[in-house]
Amino acid sequence: METLTFGLSLIRHGETQHNKDGLLQGQAIDSPLSETGLQQAEAAGCYLKDVEFSNVFSSDMLRAQQTAETIMKHNHSCSALQLVCDPLLKEKSFGIAEGRPVQDVREMAEAAGQSFPGFTPPKGETQEQVKERVKGFLEKTLQQIGAQHWRDGGEGETSSSSSSSAPSAASPAEGRADEGVRGVPVHALVVTHGAYMCAAVRFFVEELGCSSPPGSDREHMFALSPNAGLSRFVLTVRREEGRFRLSAMRCVFVHRLGRGGHSKVGAK
């Protein structure tokens, strides 16, 4: 069976002043990157400068767009690409808690017997609602990537991006910016938000059967990514009755910081 293998790299936007001050932003507050956030985006761009991308997607919120544009500025493969902004990648709405200290919401969640960021403050988005946005974006992306990059084999030939050319599970040297996607011609960069990434990774692992990187436990997988933290997945897609369907998914790494560093379970 012919398949298409492609990389999916999710990165959280750089720091904003609200992040620095420990305040929730969600959707109502769309502040720009702070000076530190701009430096983080620059560092991410330098780290990823030689990584090949075929598509770039971003949340339509300012902090994510600034991060995506900065990364693209440094990357040679992005010069001919258009940044696609998608509202499905917005941060989770935290309702009445937006603009309030993160610690206040952690305490609200604890009092309700729940964990943050899974907790839903009044008038906020539930985890299920965020997951539905993740599912919608993934499905739309599978169809778009498939339509753009699938090459009809013809006379029994396999696609040049078929499973026969897929990378092995063994990764290159630890910390390489192209880890897991070297030689993979189709690779999408997605710039989004912390709580959204939490929901996405949990959905990938718990419902899509995504494998974890060696030595990574669920606590680390499901932790909040640091600002400009990068997580990478490799997906295998098959074509079935005119549509593209996910057949396998594995995680290469989660929460990596630029220059090959790794985050600890983290922050706001």
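## A walk through a predicted model

Leaving aside neighbours within four places in sequence, Glu207 is in contact with Lys131 and Arg202. You'll find Glu207 in the loop between α6 and α7 (218-221). Glu207 is partly exposed, with a relative accessible area of 46%. Keep in mind that what you're looking at is a predicted model.

**The big picture**

Let's zoom out. The protein has 7 helices and 7 strands. Follow the chain along the sequence and you get the pattern β-α-α-β-α-β-α-α-β-α-α-β-β-β. How much of the protein is buried? Of its 268 residues, 52% count as buried. Now take the contacts between residues at least 6 apart in sequence: 78% of them join residues at least 24 apart.

**Two helices that cross**

Lys131, one of the contacts of Glu207, also takes part in the contact of α5 with α6. In general, two packed helices are described by the angle between their axes and the distance between the axes. Here the axes of helix α5 (residues 127-149) and helix α6 (residues 194-206) come within 9 Å and cross at roughly 75°. An angle of 65 to 115 degrees counts as roughly perpendicular, so α5 and α6 are roughly perpendicular to each other.

Which residues make this contact? From α5 come Gln127, Val130, Lys131, Arg133, Val134, Lys135, Phe137 and Leu138, while α6 brings Tyr196, Ala199, Ala200, Phe203 and Phe204. Sort the residues of this contact by type and you get 9 nonpolar, 1 polar and 3 charged.

**A helix with two sides**

Helix α4 (residues 102-111) is a nice one to turn around on your screen. Val102, Val105 and Ala109 are buried there. They span an arc of only 65° around the axis, which means that they sit on the same side of α4. Glu110 and Ala111, on the other side of α4, are exposed. After α4 comes Gly113, and its phi is positive, near 75°.

**Positive phi without glycine**

Gly113 is a glycine with positive phi, but what about other residues? Lys123 has a positive phi of about 70° although it is not a glycine, and the phi of His255, near 60°, is positive as well. Lys123 is in the loop between α4 and α5, whereas His255 is in strand β6 (residues 243-257). Are they buried or exposed? Lys123 counts as exposed, and His255 counts as buried.

Here are some relative accessible areas to check against the structure:

| Residue | Relative accessible area | Class |
|---|---|---|
| Lys123 | 77% | exposed |
| Lys20 | 52% | exposed |
| Cys198 | 7% | buried |
| Cys251 | 4% | buried |
| His255 | 3% | buried |

Lys20 from the table lies in helix α1 (residues 17-21). Lys20 and Ser34 are 14 residues apart in sequence, and their C-alpha atoms are 8.4 Å apart in space.

**Cysteines without a bridge**

How many disulfides does the structure hold? The count is 0. Cys251 shows why this residue has no such bond: the cysteine sulfur closest to its own is in Cys210, 5.4 Å away, and that is too far for a bond. A disulfide needs the two sulfur atoms within 2.5 Å. Cys251 is buried, at 4% relative accessible area. Cys198 is another buried cysteine, at 7%.

Notes. Residues are numbered from 1 along each chain as its sequence is written. This is a predicted model: local features need pLDDT of at least 70, side-chain atom pairs count only at pLDDT 80 or more; totals for chains, interfaces and linings use all residues. Side-chain values use heavy atoms; hydrogens and water are left out. Buried means under 20% relative accessible area, exposed over 50%, partly exposed in between (1.4 Å probe, protein chains only). Axes are lines fitted to C-alpha atoms, for helices over the stretch in contact, and angles run from 0 to 180 degrees between N-to-C directions. Helices (H or I, at least four residues) and strands (E, at least two) are DSSP runs, numbered from the N terminus. Angles under 35 degrees count as roughly parallel, over 145 as roughly antiparallel, 65 to 115 as roughly perpendicular and the rest as oblique. Contact means heavy atoms within 4.5 Å. Ala, Val, Leu, Ile, Met, Phe, Trp, Tyr, Cys and Pro count as nonpolar, Asp, Glu, Lys and Arg as charged, and the others, Gly among them, as polar. The arc is that of the directions from the helix axis to the C-beta atoms.
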